[in-house]
Amino acid sequence: MIIVDDALKAREAADDPIRVGIFGAGFMAKGFVNQVAHSVPGMRVVAICNRTPAKGHAAYEYAEVKGAVTVSDAGALESAIATGTPAVTDDPILLTRSEQIDCLVDLTGAVDHGAAIALDAFAHGKHLVLMNAEVDATIGSLLRRRAHEAGVIVTACDGDQPGVQLNLWRFVKGLGLTPRVLGNIKGLQDPYRTPTTQKGFAEKWGQNPTMVTSFADGSKVNFEQAIVANATGFKVARRGMYQYDHTGHVDELTTRYDIDELRELGGIVEYVVGAKPGPGVFCLAEHGDPKQQHYLNLYKLGEGPLYSFYQPYHLCHFEVHNTIARVVLFGDACGVALDTPSVEVVAVAKRDLAAGEVLDGYGEYMTYGEAENSDTVQSDGLLPEGLVEGCTLLHAVPKDAVLRWSDVEAPTGSLGHELYREQSTLSRAGS
């Protein structure tokens with residue numbers, strides 16, 4: 001981002017780089033470490049936490065960062081950071097409690113683990129950038145409350161689709177328009193995909209089959225759009241969004257939506273399949289000033305009432321450093337949930353489910369996620385997709401049925417479940 005680049009160069013010139021610790025050492029983490037090592041002045045990834053330390057070392061090796069050491073206590077980590085030695089650990093509290101780390105990044109995609117990281121990070125004065133859509137969409141509002149109380153920032157990130165949409169939302173509002181649709185462009189949507197069907201694609205690109213499945217079955221895009229909704233107050237027009245098949249240009253979507261419905265809802269999150277240019281994001285907005293409508297028409301945006309703005313790409317790990325710099329240097333967040341969620345992601349049966357089965361996680365074989373307005377989720381007792389793993393079915397649930405809390409026995413001792421209950425209680429209380 002403009003201003004961030006010069007600020008980072010200044011930190012490099014002063015030999016005072018932003019020190020970053022990351023959780024996770026998968027596909028995105030490797031890309032991020034490589035990006036910072038070779039393309040980002042004024043920033044260093046000083047520590048990686050992963051339950052398998054060997055993968056942390058592999059991430060540094062992928063980035064051609066030499067000399068990483070494994071550490072198991074706070075003293076060893078602090079010594080490594082002080083001497084400029086990259087560190088790897090399997091103990092997350094070493095990072096959350098480090099006196100030298102300026103910002104943390106969660107790239108894990110795990111709700112319980114992500115929740116634990118977040119709470120300890122806030123308790124020890126650490127900013128947290130989330131590339132963990134699952135925890136953000138499930139308990140993001142509560143995490144925002146806790147971060148605010150601690151005087152730190154928790155935020156979505158540049159590069160990932162939610163962050164790109166929220167940047168576009170801010171840009172469009174800055175032009176004086178009123179955003180009405182914030183959307184994501186997908187190339188594929190099939191809710192019945194599984195890690196078995198996606199194995200070949202995952203192996204080709206060196207990705208996790210479960211994560212790839214969450215893209216294909218729509219769970220991930222529903223998590224992403226829930227994040228956008230919860231940062232803007234937007235809603236969904238129906239469960240799972242309209243998800244139009246649209247093979248034309250994204251500009252053509254300006255005639256696809258009912259402007260009166262958009263105004264009544266206050267704006268919606270959405271995604272379309274097949275639109276060009278993809279895979280990107282878009283914002284459809286209106287302007288109430290006829291004089292400015294004249295200028296927008298002159299500038300080839302059409303006659304309205306909706307005008308199309310879009311970005312034809314999202315570059316994921318290439319842009320995460322911008323968020324870190326925004327947070328640490330300017331106190332600015334890319335995207336923060338409001339105190340009360342407007343949209344949640346609920347679990348839907350991917351196949352006929354039998355009584356007694358223990359549910360697996362999102363992106364696997366048993367459920368897929370669809371975005372639903374939070375008031376409906378709460379009134380109907382719907383089960384969040386981010387909390388399905390480990391729930392035991394009390395009775396059979398047919399394919400494509402939405403799961404409810406009354407359908408399952410929840411696992412005990414889950415931090416994610418505990419925080420979700422607290423968030424729901426606060427939301428119902430309107431506090």
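This dialogue walks through some features of a predicted model, from its overall form to single residues.

Q: What does the secondary structure of the protein come to, and how does its radius of gyration stand against that of a compact globule?

A: In this predicted model the secondary structure comes to 16 helices and 15 strands. For the overall form, one sets the radius of gyration beside the value expected for a compact globule, which for 431 residues would be near 22 Å; the protein has 22 Å, so the two agree. Taken along the principal axes, the box filled by the C-alpha atoms is roughly 60 × 60 × 45 Å.

Q: What share of the residues is buried, and what share of the surface comes from carbon and sulfur atoms?

A: A residue is called buried when its relative accessible area is under 20%, and in the protein 54% of the 431 residues are buried. The exposed area is about 17,700 Å², of which carbon and sulfur atoms supply 51%. Of the contacts with a separation of 6 or more, 74% are between residues 24 or more positions apart.

Q: In what order do the strands of the open sheet of four strands stand, and which of them are at the edges?

A: A sheet is read by following its strands from neighbour to neighbour, and here the order is β9-β8-β10-β11, with mixed pairing. The edges are held by β9 (268-273) and β11 (307-311), and because each has a single partner strand, one side of each is left without a neighbour in the sheet. On average, neighbouring strands of this sheet are turned by 25° against each other, direction ignored.

Q: In which sense do β8 and β10 pair, and which helix packs on the sheet?

A: Strand β8 (residues 178-186) pairs with strand β10 (residues 281-286) in the antiparallel sense, over six bridges, and within this pairing V181 stands opposite L284 in β10. Helix α11 (residues 219-232) packs on the sheet and touches β8 and β9, its direction making about 165° with that of β8.

Q: Where are cis peptide bonds found?

A: The angle to read is omega, which is about 0° for the cis bond joining G278 and P279 and about 5° for the cis bond joining G304 and P305. P279 lies in the loop between β9 and β10, whereas P305 lies in the loop between α13 (290-298) and β11.

Q: M241 has a positive phi although it is not a glycine; where is M241 found, and is M241 buried or exposed?

A: Phi of M241 is about 70°, and this residue is found in the loop between α11 and α12 (259-265). With a relative accessible area of 1%, M241 is buried. I3 also has a positive phi, near 90°, but I3 lies in the segment before α1 (4-13) and is exposed, with a relative accessible area of 52%.

Definitions and conventions
Residues are numbered from 1 along each chain as its sequence is written. This is a predicted model: local features need pLDDT of at least 70, side-chain atom pairs count only at pLDDT 80 or more; totals for chains, interfaces and linings use all residues. Side-chain values use heavy atoms; hydrogens and water are left out. Two strands pair if DSSP finds at least two bridges between them. Helices (H or I, at least four residues) and strands (E, at least two) are DSSP runs, numbered from the N terminus. Axes are lines fitted to C-alpha atoms, for helices over the stretch in contact, and angles run from 0 to 180 degrees between N-to-C directions. Contact means heavy atoms within 4.5 Å. The radius of gyration is taken over C-alpha atoms; the globule rule is 2.2 Å times the number of residues to the power 0.38. Buried means under 20% relative accessible area, exposed over 50%, partly exposed in between (1.4 Å probe, protein chains only). Accessible areas come from the Shrake-Rupley method with a 1.4 Å probe; for residues, only the protein chains shown count as cover.
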